[in-house]
Amino acid sequence: MLTKRLQAIYDLLPETNSVLDVGTDHCLLPISIKKNHPQMKVGASDITIGPLQNAKETMRRFHVSDIQLYQSDGLKQIPDLYECIIIAGMGTQTMIHILEEGKTAVDQAHTLILQANKGVTELRRWLNEHHFKIVNEDMVLEYKYYQILVVEHGHQILNEDDFMFGPILRKKQTEVFRSFWQKEKEKKEKICQKLSKDHPKAIMSQSIADRIEKILKKSHKETL
């Protein structure tokens with residue numbers, strides 16, 4: 001029922017009494033949560049009515065009725081509080097906007113599960129600056145690479161490698177993680193090959209390629 005990306009998000013769910021999926025669209029994730037945890041309070045929201053109508057149809061198809069649906073701009077119009085909030089399938093700036101505008105709901109939540117389609121480095125940096133700590137991470141490949149962060153309130157000291165590679169992902173060193181960064185390294189090296197060595201873009205690309213190589217070599221040694 002769930003795609004690989006949604007299954008990875010599901011697998012990262014903490015022990016909780018309530019879950020809200022923001023920007024639910026098809027509602028497959030909340031339905032799966034509700035079917036496996038019938039006593040859990042489950043909510044789903046979207047900014048427009050169309051996806052919510054699709055969600056109702058999907059709920060009928062899977063014989064699930066007790067999921068609370070909300071039409072809401074992010075978290076602004078959510079009247080209830082949830083212990084776990086899932087925000088997935090968006091860009092980092094959209095996600096940050098939702099977190100900032102929904103501060104009351106976010107402050108009351110114990111856990112956030114965040115999956116940004118791009119700009120994950122910037123997302124980690126923003127979370128760190130706003131007193132969130134990353135407690136778990138995963139990366140999956142489903143046509144493209146997706147990074148998923150599990151976040152709680154708290155202080156965490158991160159360095160530049162943590163922001164770029166993920167404080168937990170770079171230690172886990174999964175096959176998907178290594179594949180993603182190897183491809184990123186090759187992209188940067190191709191840029192360098194097309195430009196003179198002193199070109200600013202070549203210098204920056206080579207610097208990133210060197211950082212990636214260092215992380216992959218370091219973690220390879222640690223696993224030996």
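This briefing describes the sheet, the helices packed on it, the largest pocket and a few individual residues of one protein structure. The model is predicted, and the values below are computed from it. Its seven-stranded sheet is open, with mixed pairing and the strand order E3-E2-E1-E4-E5-E7-E6. The largest pocket has a volume of about 470 Å³, and helix H6 (120-129) gives the largest share of its lining, namely five residues.

**The sheet and its edges**

- Strand E3 (68-71) and strand E6 (132-142) stand at the edges of the seven-stranded sheet, and because each has a single partner strand, one side of each is left without a neighbour in the sheet.
- On average, and with direction ignored, neighbouring strands of this sheet are turned by 15° against each other.
- The edge strand E6 pairs with E7 in the antiparallel sense over ten bridges, and within this pairing Glu137 stands opposite Leu149 of E7.

**Strand E5 and its two neighbours**

- Strand E5 (residues 111-116) runs parallel to strand E4 (residues 84-90), to which six bridges join it; at one position of E5, Gln115 has Ala88 standing opposite.
- With E7, by contrast, E5 pairs in the antiparallel sense, over three bridges, and here Leu112 has Val151 of E7 as its bridge partner.
- E5 is mostly covered, since six of its six residues are buried, that is, under the cut-off of 20% relative accessible area.
- In a regular strand, side chains alternate between the two faces of the sheet. In E5 both faces are covered, with Thr111, Ile113 and Gln115 buried on one side and Leu112, Leu114 and Ala116 buried on the other.

**Helices against the sheet**

- Helix H6 packs on the sheet, where it touches E5, E6 and E7, and its direction makes about 5° with that of E7.
- The residues of H6 that are buried are Val120, Leu123, Arg124, Trp126, Leu127 and Asn128, and they pack against E5, E6 and E7 as well as against helix H4 (92-101), H7 and helix H8 (169-172).
- After H6 comes His131, which has a positive phi, near 65°.
- Helix H3 (residues 49-61) lies across strand E2 (41-46) and E3, and runs at about 165° to E3.
- Thr58 belongs to H3 and counts as buried because its relative accessibility is 6%, under the 20% cut-off; leaving aside residues up to four places away in sequence, Thr58 touches His26, Leu28 and Ile31.

**The largest pocket**

- The lining of the largest pocket consists of 23 residues, and those nearest the pocket centre are Thr121, Gln147, Phe180, Trp181 and Glu184.
- Two or more lining residues come from each of helix H6, strand E7 (144-153), helix H7 (160-165), helix H9 (175-194) and helix H10 (200-223).
- By residue class, the lining of this pocket divides into ten nonpolar, four polar and nine charged residues.

**Met139 and its surroundings**

- Met139 lies in strand E6, and it counts as buried because its relative accessible area is 2%, under the 20% cut-off.
- Not counting residues up to four places away in sequence, Met139 touches Tyr145, Tyr146, Gln147, Leu169, Val176, Phe177, Phe180 and Trp181; Gln147, Phe180 and Trp181 are also among the residues nearest the centre of the largest pocket.
- Which distances separate Met139 and Phe177 in sequence and in space? The two residues are 38 residues apart in sequence, and 6.4 Å apart in space from C-alpha to C-alpha.

**Loop residues with positive phi**

- His63, in the loop between H3 and E3, has a positive phi of about 60° although it is not a glycine, and it counts as exposed because its relative accessible area of 74% is over the 50% cut-off.
- Tyr143, in the loop between E6 and E7, likewise has a positive phi, near 70°, in a residue other than glycine, and its relative accessible area of 84% places Tyr143 among the exposed residues.

Notes:
Residues are numbered from 1 along each chain as its sequence is written. This is a predicted model: local features need pLDDT of at least 70, side-chain atom pairs count only at pLDDT 80 or more; totals for chains, interfaces and linings use all residues. Side-chain values use heavy atoms; hydrogens and water are left out. On a 1 Å grid over the protein atoms alone, a cavity is a set of points where a 1.4 Å probe fits but cannot get out, and a pocket is an open set with protein on both sides within 12 Å along at least five of seven lines; lining residues have an atom within 4 Å of a point. Grid points are joined across faces, edges and corners, and a volume is the space filled by probe spheres set on the points. Helices (H or I, at least four residues) and strands (E, at least two) are DSSP runs, numbered from the N terminus. Ala, Val, Leu, Ile, Met, Phe, Trp, Tyr, Cys and Pro count as nonpolar, Asp, Glu, Lys and Arg as charged, and the others, Gly among them, as polar. Buried means under 20% relative accessible area, exposed over 50%, partly exposed in between (1.4 Å probe, protein chains only). Two strands pair if DSSP finds at least two bridges between them. Contact means heavy atoms within 4.5 Å. Axes are lines fitted to C-alpha atoms, for helices over the stretch in contact, and angles run from 0 to 180 degrees between N-to-C directions.
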